[in-house]
Amino acid sequence: MAEKFSEKIIESAWKNANGHCERCGKLLVRKNRGRNSGKRGCWEAHHKNRSKESILSNCEIVCVSCHKKTRSFGKQKNQ
Ligand SMILES: [Zn+2]
């Protein structure tokens, strides 16, 4: 399983995404990373490919609802 992204990578990915979900384009709130739904603009740093390294090119900024659609969601939570 891939390791977590460093803050530096997340910061760069956030800038690349311009504060929007890279899947649906929804506006996100920087400080709401990792929060569960209920708060506006919640998001996660998602591994595009979980078997690959935690590098910038493998980092995708996604809103919580898009993150729920990814396969990895739920598995981490239940561990
Ligand atoms: Zn989204």
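A residue is called buried if 20 or more other C-beta atoms lie within 10 Å of its own, and exposed if 12 or fewer do. With that cut-off in hand, the two strands of this predicted model can be read residue by residue. In strand E1, Trp43, Ala45 and His47 on one side and Glu44 and His46 on the other are all buried, which leaves both faces of E1 covered.

**Overall layout**

The chain holds three helices and two strands, and along the sequence these elements follow the pattern α-β-β-α-α. Of the 79 residues in the chain, 22% are buried. When contacts between residues at least 6 apart in sequence are considered, 49% of them join residues that are at least 24 apart.

The confidence of the prediction varies along the chain: the average pLDDT is 87, and 82% of the residues score at least 70. Among the elements, helix H1 has the highest mean pLDDT, 98, whereas helix H3, made of residues 75-78, has the lowest, 47. Where pLDDT is low, the predicted coordinates should not be read in detail.

**The two strands and the core**

Strand E1 covers residues 43-47, and five bridges join it to E2 in an antiparallel arrangement. Within this pairing, His46 stands opposite Glu60 in E2.

Why is E1 described as largely enclosed by the rest of the structure? The reason is that five of the five residues of E1 are buried. The reasoning for E2, residues 59-63, is alike in form: five of its five residues are buried, so this strand too is largely enclosed by the rest of the structure. Both faces of E2 are covered, with Cys59, Ile61 and Cys63 buried on one side and Glu60 and Val62 buried on the other.

The largest nonpolar core has 11 residues in all, among them Phe5, Cys21, Leu28, Trp43 and Val64. E1, E2 and helix H2, which spans 64-69, each supply at least two residues of this core, and the largest share, four residues, comes from E2. In soluble globular proteins, nonpolar side chains tend to be buried together.

Cys59 is one of the residues of that core. Leaving aside residues up to four places away in sequence, Cys59 touches Phe5, Ile9, Ile10, Ala13 and Ala45.

**Three exposed residues**

The table gathers three residues that lie on the other side of the burial cut-off.

| Residue | Place | Other C-beta atoms within 10 Å |
|---|---|---|
| Asn16 | helix H1 (residues 7-17) | 12 atoms |
| Asn18 | loop between H1 and E1 | 11 atoms |
| Arg40 | loop between H1 and E1 | 11 atoms |

Asn16 is classed as exposed because it has 12 other C-beta atoms within 10 Å, and exposed means 12 or fewer. Arg40 is exposed because 11 other C-beta atoms lie within 10 Å.

How far apart in space are Asn16 and Leu56, C-alpha to C-alpha? The distance is 9.9 Å, although these two residues are 40 residues apart in sequence. For Arg40 and Leu28, which are 12 residues apart in sequence, the corresponding C-alpha to C-alpha distance is 7.4 Å.

Asn18 is exposed as well, with 11 other C-beta atoms within 10 Å, and its backbone deserves a careful look. Most residues other than glycine have a negative phi. Asn18, however, has a positive phi of about 60 degrees although it is not a glycine.

How values were computed:
Residues numbered from 1 in each chain as written. Predicted model: local features only at pLDDT ≥ 70, side-chain atom pairs only at ≥ 80, totals over all residues. Contact = placed C-beta atoms within 7 Å. Pairing = 2+ DSSP bridges. Core = buried A, V, L, I, M, F, W, Y, C linked by C-beta atoms within 7 Å. pLDDT = per-residue confidence, 0-100.
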